[in-house]
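User: I'd like to learn how to read a few features of a protein model. Could you walk me through them?

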Amino acid sequence: KWASFSPLPRPSRPDKARRLGYKAKQGVVVYRARVRRGGRKRPVSKGIVYGKPVHQGITKLKPKRNAQARAEEKVGRKCGGLRVLNSYWVNEDSTYKYFEVILVDPQHNAIRNDARMNWICNPQHKHRELRGLTSAGKKHRGLKAKGHLGHKRRPSERAVLKKNNAVRLRRYR
């Protein structure tokens, strides 16, 4: 059984890792993370929800974020000085799913001097994985849909909801 979180000397799927931006160079590392499979139980004491019956479900709830995004977040929190580039599935069993996460050191000169990789050194890319900006994060936000299929998801579901529910009253009406 693999550990919940461990650095790797090299990716176990080098072809997939290279398609997602991995380079065998200094400043690029790979971590393996595991996340528990299955739905998300509502974290309430003794299963008691104080509210309307519509909100009293405890067990048949699903997490908002997918397992891959949760694995990226787990690694990104542990390795605070590194930037999450991407991740990919490697294995799963009855209890866990395992993902390998590609991380980049934004302070390393090999990265800072690489014209194809130094975009991730900019400060706006701090903790991309916590803000749903990685590929797995964009997937659970529904941003893989193009055109009319995604018009209620851009820039985000919350922004569209606020825009559509805002009361706009003209001054002279």
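Analyst: Sure, starting with how elements get their names: helices (H or I, at least four residues) and strands (E, at least two) are DSSP runs, numbered from the N terminus. His-127, for one, sits in the loop between helix H3 (109-112) and H4. This is a predicted model, where local features need pLDDT of at least 70, side-chain atom pairs count only at pLDDT 80 or more, and totals for chains, interfaces and linings use all residues. Residues are numbered from 1 along each chain as its sequence is written, and side-chain values use heavy atoms, with hydrogens and water left out.

User: Is His-127 buried or exposed?

Analyst: Buried means under 20% relative accessible area, exposed over 50%, and partly exposed in between (1.4 Å probe, protein chains only). His-127 is partly exposed, because its relative accessible area is 29%.

User: What does His-127 touch?

Analyst: A contact means heavy atoms within 4.5 Å. Leaving aside residues up to four places away in sequence, His-127 touches Gly-76 and Gly-80. A polar contact is a pair of N or O atoms within 3.5 Å; within protein, one must be able to donate a hydrogen and the other to accept it, and residues adjacent in sequence count only if both atoms are side-chain atoms. The side chains of His-127 and Glu-129 make one, at 2.9 Å.

User: Which backbone angles should I look at?

Analyst: Most residues other than glycine have a negative phi, and most peptide bonds are trans. Here, His-127 has a positive phi, near 50°. Lys-46 has a positive phi too, about 55°; Lys-46 lies in the loop between strand E2 (28-36) and H2 and counts as exposed, at 79% relative accessibility. As for peptide bonds, the one from Arg-154 to Pro-155 is cis, with omega near -5°. Pro-155 belongs to the loop between H4 and helix H5 (157-165).

User: Which residues line the second largest pocket?

Analyst: On a 1 Å grid over the protein atoms alone, a pocket is an open set of points with protein on both sides within 12 Å along at least five of seven lines, and lining residues have an atom within 4 Å of a point. The lining here is Lys-64, Arg-141, Leu-143, Arg-153, Pro-155, Ser-156, Glu-157 and Arg-158. So Pro-155, with its cis bond, turns up again.

User: Which element gives the most to the lining of the largest pocket?

Analyst: That's E3, with four residues.

Methods. 1 Å grid on protein atoms, 1.4 Å probe; cavity = no way out; pocket = protein on both sides within 12 Å on 5 of 7 lines; lining within 4 Å.
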